[in-house]
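Reader: Please choose one small part of this structure and look at it closely with me, slowly enough for a first-year student. I would like to follow how that part is connected to what surrounds it.

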Amino acid sequence: MKKIIITGGSGTIGKAFIKNFPQYKYYNISRNENSITDLSREYPHVENYVGNIEDKDFLIRTFKKIKPDIVIHAAAMKHINIAEENPIQACNVNIIGSLNIISASIETNVPITIGISTDKACSSESVYGDTKSLMEKCFTYANNSKNKFAVCRFANVAHSNGSVLPFWLGLAKQEKTLKLTSKDMNRLMFSQDDAANLIYKTINKCSKDGGGFTCSYKMKSVNMLDLAKIISNSIKIIGLRPGEKLNEDLINKKEINYTYTEDNMIYIYKDKNPNNNKLTKGYSSATAEKMSIKEMKELVWGKK
């Protein structure tokens, strides 16, 4: 049985991957005691290590002890507004912490290491996006013949920790007004199961073809006002937060010539793609195919 370490494994993404792919032996590295307790109750077979990714010595000791086949690096500061207000700590966690993961994986000879990124890293206008953009570049640069590194570039994961959906559903349950920053805001969204499957496909791609890439899905876009209306008719527009944009790029114009497409997957490599299997234009929440009302309802309430 292959062994997987997930940093931040007690979060939404870690739990989704553990649920969808029970064929692995799992180890979680995180520092939130409440989240670790919840994970242990839900998945008692997962071994937990309490620690901070800013502590490189701790990571190296833990990697040496476990000898993982795969590392999924999901631990991060993820809130745009908190990162804007705390840029030094955001850099410590998202950049220095990621460099520590790279060092630990190389020093302990981990075959595959996958970093979890975000569409905020593409065409960034925020501290959070900047830190994740650097993380992407560092992971792809670290790739070598013995240690394969790759990145999954997520968009918004429905019902994840910090997602707007649990916040809105909580307000609606209390019969309170939903808060929306702009009626013109669009976001690329996908489910937790889709997120887990993207990581799994990335692992398989590394095993088969090697690493050194960033990948994502051709996912659909939702208008946030339309999404809010599915939950409640009481909605208040409160204005954009610092670092927030009306639309998010998943692939920007500069990356087009470096993209490789396979069915619904998009891969970005360091070298230009001379073939036809690439995007012809950028991919963003403004231009992507829109979700239907039915699809948005399934995203909010789940499939029935």
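Author: A polar contact is a pair of N or O atoms within 3.5 Å, where, inside a protein, one atom must be able to donate a hydrogen and the other to accept it. The model in front of you is predicted, and in it the side chain of Ser 160 reaches the backbone oxygen of Val 157 at 2.9 Å. Let us take this serine as our part and work outwards from it.

Ser 160 sits in the loop that leads from β7 (156-157) to α7 (164-173). Is the residue buried or exposed? Its relative accessible area is 14%, and because a residue counts as buried when this value is under 20%, Ser 160 is buried. If neighbours within four places in sequence are set aside, Ser 160 is in contact with Thr 12, Pro 166 and Gln 192. Thr 12 belongs to helix α1, which covers residues 12-20, Pro 166 falls within α7 (164-173), and Gln 192 belongs to helix α8, which covers residues 192-209. Sequence and space can also be compared for another residue, since Ser 160 and Ala 16 are 144 residues apart along the chain, while their C-alpha atoms are 9.8 Å apart in space.

The loop follows β7, so we can turn next to that strand and its partner. Strand β7 runs parallel to β9, and two bridges join them, with Asn 156 having Met 189 as its bridge partner in β9. Strand β9 (residues 186-190) also pairs with β11 (residues 221-223), this time in the antiparallel sense and over three bridges, and Arg 187 stands opposite Val 222 there. Where do the residues of β9 that are buried lie on the strand? Asn 186, Leu 188 and Phe 190 are on one side, Arg 187 and Met 189 are on the other, and both faces are covered; in all, five of the five residues of β9 are buried.

The two helices that Ser 160 touches lead us to a sheet. This open sheet has nine strands in the order β3-β2-β1-β4-β5-β6-β10-β15-β14, and its pairing is mixed. Its edge strands are β3 (47-50) and β14 (259-262), each of which pairs on one side only, and neighbouring strands are turned by 20° against each other on average, if direction is ignored. Helix α1 lies across β1, β2, β4 and β6, running at about 160° to β1. Helix α8 lies across β4, β5, β6, β10, β14 and β15, and its direction is at about 155° to β6. Two of the strands that α8 crosses, β10 (residues 213-217) and β15 (residues 265-269), run antiparallel and are joined by five bridges, with Phe 213 standing opposite Tyr 269.

What do these helices bring to the interior? In soluble globular proteins, nonpolar side chains tend to be buried together. Here the largest nonpolar core has 45 residues, of which Phe 17, Tyr 26, Ile 72, Phe 154 and Ile 199 touch the most other members. Helix α8 supplies the largest share of this core, with six residues. Ile 199, when its neighbours within four places in sequence are left aside, is in contact with Ile 13, Phe 17, Ile 72, Ile 116, Cys 152 and Phe 154; among them, Ile 13 and Phe 17 lie in α1 (residues 12-20). A second core of 28 residues is separate from this one, and it includes Ile 60, Ile 66, Val 71 and Ala 104.

To bring the view back to where we began, Ser 160 is a buried residue whose side chain reaches the backbone oxygen of Val 157. Thr 12 and Gln 192 are among the residues in contact with this serine. Through Thr 12 the picture leads to α1, which lies across four named strands, β1, β2, β4 and β6, and through Gln 192 to α8, the source of the largest share of the largest nonpolar core.

Methods. Residues are numbered from 1 along each chain as its sequence is written. This is a predicted model: local features need pLDDT of at least 70, side-chain atom pairs count only at pLDDT 80 or more; totals for chains, interfaces and linings use all residues. Side-chain values use heavy atoms; hydrogens and water are left out. Two strands pair if DSSP finds at least two bridges between them. Axes are lines fitted to C-alpha atoms, for helices over the stretch in contact, and angles run from 0 to 180 degrees between N-to-C directions. Contact means heavy atoms within 4.5 Å. A nonpolar core is a set of buried Ala, Val, Leu, Ile, Met, Phe, Trp, Tyr and Cys residues joined through side-chain atoms within 4.5 Å. Buried means under 20% relative accessible area, exposed over 50%, partly exposed in between (1.4 Å probe, protein chains only).
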